[in-house]
Amino acid sequence: MYSEALRILDANTVQYMVEEQKKEILELTEALEDTSKALEDSSRALEDKSKALEDTSRALKDKSKALQDTSRALEEEHKARLEKDKEIMYLRALLKATKDI
């Protein structure tokens, strides 16, 4: 009878340990799933930020090109004005020379 009680006690202990391990496995599985979801969320957030940075980079490149185009146009306008200034100075000198005659 004492042996039977020990056998039942051992069986109950084994059953209890198995149930405890199942609980622990379930808790660890849930924690792993939560961590996995958090990583997926972080990954999506990083992808979104990466896309935003790419968009910003493209916009900056476009603005840089526009600035270069504007700079070239201003240089050409400046050169044209210098040529006109030279022409005006020549015409003034010519006019002065004709008045002196």
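The following legends describe close-up views of a predicted model.

**View 1. Negative surface patch around glutamate 27.** Glu24, Glu27, Glu30, Glu33 and Asp34 together form a negative patch on the surface. Glutamate 27 belongs to helix α1, which spans residues 2-100. With a relative accessible area of 53%, glutamate 27 is classed as exposed, because the cut-off for that class is over 50%.

**View 2. Nonpolar surface patch including leucine 9.** Tyr2, Leu6 and Leu9 make up a nonpolar surface patch of about 340 Å². Leucine 9 is situated in helix α1.

**View 3. Salt bridge between arginine 72 and aspartate 69.** The two side chains meet in a salt bridge, with an N to O distance of 3.0 Å. Both residues lie in helix α1, three residues apart, or about one turn of the helix. Arginine 72 is partly exposed at 47% relative accessibility, and aspartate 69 is likewise partly exposed, at 35%.

**View 4. Salt bridge between arginine 81 and glutamate 77.** A salt bridge joins these side chains at 3.0 Å, N to O. The partners are four residues apart in helix α1 and are therefore separated by about one helical turn. Arginine 81 is exposed, its relative accessible area being 54%, whereas glutamate 77 is partly exposed at 39%.

**View 5. Salt bridge between lysine 86 and glutamate 83.** The closest N and O atoms of this salt bridge are 3.9 Å apart. Lysine 86 and glutamate 83 are three residues apart in helix α1, so about one helical turn separates them. Lysine 86 is exposed, with a relative accessible area of 53%.

**View 6. Salt-bridge network.** Glu40, Asp41 and Arg44 are joined into one network by salt bridges that share partners. The whole structure contains ten salt bridges.

Note on methods:
Residues are numbered from 1 along each chain as its sequence is written. This is a predicted model: local features need pLDDT of at least 70, side-chain atom pairs count only at pLDDT 80 or more; totals for chains, interfaces and linings use all residues. Side-chain values use heavy atoms; hydrogens and water are left out. Patches are made of residues with over 30% relative accessible area and no salt bridge: like charges are joined within 9 Å, nonpolar side chains (Val, Leu, Ile, Met, Phe, Trp, Tyr) within 5 Å. Accessible areas come from the Shrake-Rupley method with a 1.4 Å probe; for residues, only the protein chains shown count as cover. A salt bridge is a side-chain nitrogen of Lys or Arg within 4 Å of a carboxyl oxygen of Asp or Glu. Lys and Arg count as positive and Asp and Glu as negative; His and the chain ends are not counted. The place of a charge is taken as NZ of Lys, CZ of Arg, CG of Asp or CD of Glu. Helices (H or I, at least four residues) and strands (E, at least two) are DSSP runs, numbered from the N terminus. Buried means under 20% relative accessible area, exposed over 50%, partly exposed in between (1.4 Å probe, protein chains only).
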